[in-house]
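I opened this entry to look up the salt bridges and how exposed their partners are. The structure is pasted below.

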Amino acid sequence: MEPTGRQYSVSKDDAQWRSELSADEYSVLRQAGTERPFTGEYTDTTTEGVYACRACGAELFTSTEKFESHCGWPSFFAPLAQDRVEYIQDDSLPGRPRVEVRCGSCGSHLGHVFEGEGYETPTDQRYCINSIAMTLRPAQG
């Protein structure tokens, strides 16, 4: 991942991240990898609750904004609040510019956000987020 120059409220060196995350978590969260489609723990989950960053625990999305996009990854139409995520221009795929979504607290890679795809959501956005980048905290009920 390219450093953004931003100071995060949760800051650890590479050795700390490697010791705290599994190899797969580290690949996605700290190296901007992607889990294979339709393999993630939360792709089809309908449990009510809050999705938090697996690296630092910051609350990012809620089940209220989650929707079925059939794209192979959990999809949300908005984050919990705009300051919870950071947006980075991603030109890693030639001819296909994208917007990367990172955790606003620790800078970990979460996925990408897409606009104008025609989903019937209030924002016409799809936050395509890796399951392995999050932990679901079920609602108390």
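My notes on the salt bridges follow.

I am working from a predicted model. I searched the whole structure for salt bridges and got nine. I looked up some of them in turn.

Entry 1, D14 and R18. I find a salt bridge between D14 and R18, with 2.9 Å between the closest N and O atoms. I place both residues in helix α1 (residues 14-20), where they are four residues apart, about one turn of the helix. I then checked exposure: D14 has 38% relative accessibility and is partly exposed. R18 is also partly exposed, at 47% relative accessible area.

Entry 2, E25 and R54. I find these two in a salt bridge, the closest N and O atoms being 3.4 Å apart. E25 sits in helix α2 (residues 23-29) and R54 in the loop between β1 (49-53) and β2 (59-62), so the salt bridge ties together parts 29 residues apart in sequence. I asked whether E25 is buried or exposed. E25 has a relative accessible area of 14%, so I record E25 as buried, the cut-off being under 20%. R54, at 24% relative accessibility, is partly exposed.

Entry 3, R54 and E41. I find a salt bridge between the side chains of R54 and E41, at 3.4 Å from N to O. This pair links distant parts of the chain, 13 residues apart: R54 is in the loop between β1 and β2, and E41 is in the loop between α2 and β1. I note E41 as exposed, with a relative accessible area of 54%. Through shared partners, the salt bridges join E25, E41 and R54 into one network.

Notes:
Residues are numbered from 1 along each chain as its sequence is written. This is a predicted model: local features need pLDDT of at least 70, side-chain atom pairs count only at pLDDT 80 or more; totals for chains, interfaces and linings use all residues. Side-chain values use heavy atoms; hydrogens and water are left out. A salt bridge is a side-chain nitrogen of Lys or Arg within 4 Å of a carboxyl oxygen of Asp or Glu. Helices (H or I, at least four residues) and strands (E, at least two) are DSSP runs, numbered from the N terminus. Buried means under 20% relative accessible area, exposed over 50%, partly exposed in between (1.4 Å probe, protein chains only).
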